[in-house]
Amino acid sequence: MEEFILLYPITTHSRVVLNLDGVWKFKVEEPVGSITAATPLQTTEVMAVPASFNDQTDNPQLREHNGYFWYETNFEVADLLKTQRLVLRFGSVTHEAWVYVNGTEVAHHKGGFTPFEAEVNDALVDGTNRLSVRLSNLLDYTTLPVGNFTETTDDAGNPQYSVDENFDFYNYAGIHRPVKLYSTPHDYIKDVTVVPDIDLAHQQATIHLTTEVGGTFDTVQVTILDEQHHPVAQGTGTDASLTIDNVHLWQPLNAYLYTAQITGLRDGQVVDTYEEPFGVRQIEVTNGQFKINGAPFYFKGFGKHEDTYVNGKGLNEAYNVLDIKLMKSMGANSFRTSHYPYSDEMMRLCDREGIVVIDETPAVGLMLNFNFDIENKMDGLNKDQTWSTLKTTAAHRQVIQEMIDRDKNHACVVMWSISNESAHYAPGAHDYFAPLFDLARQLDPQKRPCTYVAIMMTLPETDRCTDLVDVISLNRYYGWYLNNGDLSDVTKTVQDELEQWQAKYPDKPIIYTEYGADTIAGVHSPYNEPFSEEYQVDYYKQYSTAFDRVPHFVGEQVWNFADFQTKFGIQRVQGNKKGLFTRSREPKMVVHYLSERWNNIPNQGYKK
Ligand code: GCB
């Protein structure tokens, strides 16, 4: 398999990062095949980068277009950098990208939620360089996420594409994350892997630091710095084990970050330096508990989306900062990166803020006939054809590898979610998933637990894959998609089901990764009608009662943190309204209820 090793680009003594974000030229490729990178892009249209293109226009045809798009910008490289190795890095381009420098293809990447990069020295010219990106927002049965793809031809014989999302979020596309040109020396630090091994009783940790080098050094020096940037341990070699005494642990909501400083030397001179922040914390799943640093952890938090007004799925750091503050004031401690890996920037922020993250692949929509009619779906599960129809194995292996390579050192990541709401009840599911769990476990140097997030049809008696997971993660909508408007049985239904899971898998902790009710902010009802703020409060209260009665139930993550954009549909009014906050982050009534509940539940030791 291809290697995807991508240190986050930073400026150090030996490295410089240039930012290529800004307003780029933009054009739809219509008809398909009509544009090449050989000549400058002929257009007056512009788009901001990073951001989705869809909401940067008032033209509905452009917003909804499925197919190919071009972005272009120009840049110069200062002479003093030209002796260096120069790398062009995209945080993400959704969903497929072909990158050209001065008309020469330098990179191709498929998958809209992970970074990729290319060395570009040979493609650069003196003076102005032209950077062109062709991207596609097409999805089908081979891609992740999964899309329902159709192709027709127009009157002129040109292909026309259509993609119907097989999932519940808008198919935003564009250059979603930062574009950077960074320099390294030609002999450089290529990758660093940090694995802490902790002796809790003696407050000591041994940090295994593995460095991969591009080119050669005489010596690799590794130093661990504390938060004041004072060295606390030192060693040499590409495989070093350093001991920290009186170690400060990375704790949920109380982060402590060390820095691994890696230096490559030749003839006693420093050639390259890189610094990787890391936290020292231990994860263990045992006896129905999820332990962080030896103490049972209780997940309180959210499923989220990268989704904001105008930026769409583009990086929005102000919203990221606000969201984490809102979470903290609610007493929350965690979220899941539903339904794709989030930006590097968000992961680094969560490390810093002590937010616990379940890191999810973009494997969403692996279920034929996506819709919200759960009642009808309960029939015929044994005849479901998902696994003989979809062709996502290669993409799935790739996203697992890319996610783990990118996020393996993050203290905030405590578990990998291999997929969201796949057809785990269907014939062939176990054969499909077993090798993917093996792959994740083999790739993760920190050996974190793995899970998948289970849809409502996945019940103790219908699920075929629970043996693969370390933690049982459930999405449940009793009182919403089932028995809408009637909350009278919810507590009992939830409790009964949880008890069945607990009895069948006594060692596995159970969490809810989704539960929620669409709620239009400002709609009130004395009768607890669905869509009212009162109904949402009551809905969550019913579930809480059940959760507190089941010992191995160790976490509640609501759906969703905020309202978010989806495709059109009769069940969606400008998107999904299950947010606790509106899309602009105004709290609904339920925020008060859950804040009170969560601020009274300790992060650790709630379920003994
Ligand atoms: C789910 C999905 C999520 C949807 C949610 C809903 O189970 O995992 O993507 O947005 O339900 O609101 O229907």
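**Figure 1. Ala-123, at 12% relative accessibility, counts as buried in this predicted model.** The residue is found in the loop that runs between β9 and β10. Leaving aside residues up to four places away in sequence, Ala-123 touches Val-101, Asn-102, Thr-104, Val-106 and Asn-129. For one of these neighbours, Asn-102, the separation along the chain is 21 residues, while the C-alpha atoms of Ala-123 and Asn-102 are 6.8 Å apart in space.

**Figure 2. Asp-126 is an exposed residue in the loop between β9 and β10.** The flanking strands are β9, covering residues 116-119, and β10, covering residues 129-136. Asp-126 has a relative accessible area of 66%, and because exposed means over 50%, the residue is placed in that class. Its side chain is joined to the side chain of Lys-82 by a polar contact of 3.4 Å. Asp-126 and Asn-599, by comparison, are 473 residues apart in sequence, and their C-alpha atoms lie 59 Å apart.

**Figure 3. The annotated sugar binding span covers residues 19-185.** The name comes from an unreviewed UniProt entry, in which these residues carry the annotation "domain: Glycosyl hydrolases family 2 sugar binding". Within the span, 45% is strand and 3% is helix, and the C-alpha atoms at its two ends lie 19 Å apart. A close-up of Pro-31 shows that the peptide bond leading to this residue from Glu-30 is cis, with omega near -5 degrees. Pro-31 is found in the loop that links β2 (22-28) to β3 (46-49).

**Figure 4. The annotated catalytic span runs over residues 283-601.** Here too the label is taken from an unreviewed UniProt entry, which lists "domain: Glycoside hydrolase family 2 catalytic" for these positions. The span is 32% helix and 16% strand, and its end C-alpha atoms are 20 Å apart.

**Figure 5. Ser-473 is a buried residue of strand β30.** The strand comprises residues 472-475, and the relative accessible area of Ser-473 is 1%. Buried means under 20%, so Ser-473 falls in that class. A polar contact of 2.7 Å connects the side chain of Ser-473 with the side chain of Thr-451. When residues up to four places away in sequence are not counted, Ser-473 touches Thr-451, Tyr-452, Val-453 and Ala-454, together with Ile-511 and Thr-513.

**Figure 6. Asn-293 and Arg-585 each have a positive phi although neither is a glycine.** For Asn-293, phi is about 50 degrees, and the residue is found in the loop between β23 (289-292) and β24 (295-296). Asn-293 counts as buried, at 10% relative accessibility. For Arg-585, phi is about 75 degrees, and the residue has its place in the loop between β32 and α10. Arg-585 is buried as well, with a relative accessible area of 8%.

**Figure 7. A cis peptide bond joins Trp-559 and Asn-560.** The omega angle of this bond is about 10 degrees. Asn-560 lies in the loop between β32, which spans residues 553-559, and α10, which spans residues 590-599.

**Figure 8. The largest cavity has a volume of about 270 Å³.** The structure holds six cavities of 30 Å³ or more. A lining of 22 residues surrounds the largest cavity, and those nearest its centre are Asp-168, Phe-370, Phe-372, Glu-421 and Glu-514. Sorted by class, this lining has ten nonpolar residues, six polar residues and six charged residues.

**Figure 9. The second largest pocket has a volume of about 340 Å³.** The pocket is lined by 20 residues, and Gln-565, Gln-574, Gly-575, Lys-577 and Arg-583 are the ones that lie nearest its centre. By class, the lining of this pocket has seven charged and seven polar residues, along with six that are nonpolar.

Methods:
Residues are numbered from 1 along each chain as its sequence is written. This is a predicted model: local features need pLDDT of at least 70, side-chain atom pairs count only at pLDDT 80 or more; totals for chains, interfaces and linings use all residues. Side-chain values use heavy atoms; hydrogens and water are left out. UniProt positions are given in the numbering used here, feature names are shortened, and annotations may be inferred rather than shown by experiment. Helices (H or I, at least four residues) and strands (E, at least two) are DSSP runs, numbered from the N terminus. Buried means under 20% relative accessible area, exposed over 50%, partly exposed in between (1.4 Å probe, protein chains only). A polar contact is a pair of N or O atoms within 3.5 Å; within protein, one must be able to donate a hydrogen and the other to accept it, and residues adjacent in sequence count only if both atoms are side-chain atoms. Contact means heavy atoms within 4.5 Å. On a 1 Å grid over the protein atoms alone, a cavity is a set of points where a 1.4 Å probe fits but cannot get out, and a pocket is an open set with protein on both sides within 12 Å along at least five of seven lines; lining residues have an atom within 4 Å of a point. Grid points are joined across faces, edges and corners, and a volume is the space filled by probe spheres set on the points. Ala, Val, Leu, Ile, Met, Phe, Trp, Tyr, Cys and Pro count as nonpolar, Asp, Glu, Lys and Arg as charged, and the others, Gly among them, as polar.
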